[in-house]
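Visitor: I am new to this structure and would be grateful for a close look at one part of it. Please choose a single helix and explain what surrounds it.

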Amino acid sequence: MKFDDIRKMATADSKVDGTELDIESIKIPQLHNKYLNIYHDERLRLKQMRSQLKELMRDKWEYYSGKMSEEELSSRGWEPFQLKVLKSDLDRYIDADKSVMVENDKIAYQEEKVDYLQAVLKSITSRGWDIKNAIEWRKFINGI
């Protein structure tokens, strides 16, 4: 799911009708379930992405250390790496590799989505208290 779609959905769902506080209160479990399902899906996607990055990092380590066979190189469409890299410098080459950087950016984006969904869930969890406080305030104003 796209981050913008999640934000638009959360913005629409965050609106509380002050004249229908009882109905808004009843909606809380449904909203919580909706965003909890999205949160779990996105968190699982993040875990998959991290696993894929680990595989890519291993492949790039083999590539830059010269341990990847010609067959593996051709199956991935990679050209043989011509330089001899010291073990201590392998991390620099791997971290600066374009495909690794792209995957790291994707993971950072996914982490932002997961963090945002966590915040939405916290907001929904506190929504019951917010509604209760609004009701109590109205009682106070009306002298009840």
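Guide: The largest share of the lining of the largest pocket, 7 residues, comes from helix H5, and this helix will be our subject. The model before you is predicted. Helix H5 covers residues 98–141.

Let us begin with the pocket. The space inside the largest pocket amounts to about 200 Å³. Its lining is made up of 14 residues, and those closest to the centre are Asp13, Ser14, Ser123, Ile124 and Arg127. Helix H1 (3–13), helix H2 (21–65) and H5 are the elements that each give two or more residues to this lining. Sorted by class, the lining holds 9 nonpolar, 2 polar and 3 charged residues.

Ile124, one of the residues closest to the pocket centre, also leads us to the largest nonpolar core. That core has 27 residues, and Ile124 is named with Tyr35 and Leu117 as the members that touch the most other members. At least two residues of the core come from each of H1, H2, helix H4 (90–95) and H5. The greatest contribution is that of H2, which supplies 12 residues. In soluble globular proteins, nonpolar side chains tend to be buried together.

Leu117 deserves a closer look. Setting aside residues up to four places away in sequence, Leu117 touches Ile6, Tyr35, Ile38, Tyr39 and Glu42. Tyr35, among these contacts, is itself one of the core members that touch the most others.

Glu42, another contact of Leu117, takes us to a charged pair. The side chain of Glu42 meets that of Lys113 in a salt bridge, with 3.0 Å from N to O. Because Lys113 lies in helix H5 and Glu42 in helix H2, the pair ties together parts that are 71 residues apart in sequence. Both Lys113 and Glu42 are buried. Across the whole structure, a search finds 11 salt bridges.

Gln110 of helix H5 also touches Glu42. Further contacts of Gln110 are Arg45, Leu46 and Met49, again leaving out residues up to four places away in sequence. Gln110 has a relative accessibility of 4%, so this residue counts as buried, the cut-off being under 20%.

Val100 and its surroundings offer another point of approach to H2. Leu56 lies in helix H2, and its C-alpha atom is separated from that of Val100 by 7.1 Å, although the two residues are 44 apart along the chain. Apart from neighbours within four places in sequence, Leu56 is in contact with Ser99, Val100 and Glu103. With a relative accessibility of 15%, Leu56 counts as buried.

Where does Arg127 join a network of salt bridges, and with which residues? Arg127 is linked in such a network with Glu24 and Lys27. Arg127 has already appeared as one of the residues closest to the centre of the largest pocket.

A further salt bridge can be followed within H5 itself. The side chains of Glu136 and Lys139 meet at 3.7 Å, N to O. These two residues are 3 apart in helix H5, which means that about one helical turn separates them. Glu136 has a relative accessibility of 37% and therefore counts as partly exposed. Lys139 is likewise partly exposed, with a relative accessible area of 35%. The pair of Lys113 and Glu42, by contrast, is buried.

To draw the parts together, three threads may be kept in view. H5 gives 7 residues to the lining of the largest pocket. Leu117 and Ile124 are among the members of the largest nonpolar core that touch the most others. Finally, the salt bridge between Lys113 and Glu42 ties H5 to H2, so it joins parts that are 71 residues apart in sequence.

Notes
Residues numbered from 1 in each chain as written. Predicted model: local features only at pLDDT ≥ 70, side-chain atom pairs only at ≥ 80, totals over all residues. Heavy atoms only, no water. Helix = DSSP H or I, 4+ residues; strand = E, 2+ residues; numbered from the N terminus. Buried < 20%, exposed > 50% of the residue type's maximum accessible area, 1.4 Å probe, protein only. Contact = heavy atoms within 4.5 Å. 1 Å grid on protein atoms, 1.4 Å probe; cavity = no way out; pocket = protein on both sides within 12 Å on 5 of 7 lines; lining within 4 Å. Points joined across faces, edges and corners; volume = space filled by probe spheres on them. Nonpolar A, V, L, I, M, F, W, Y, C, P; charged D, E, K, R; others polar. Core = buried A, V, L, I, M, F, W, Y, C linked by side-chain atoms within 4.5 Å. Salt bridge = Lys/Arg side-chain N within 4 Å of Asp/Glu carboxyl O.
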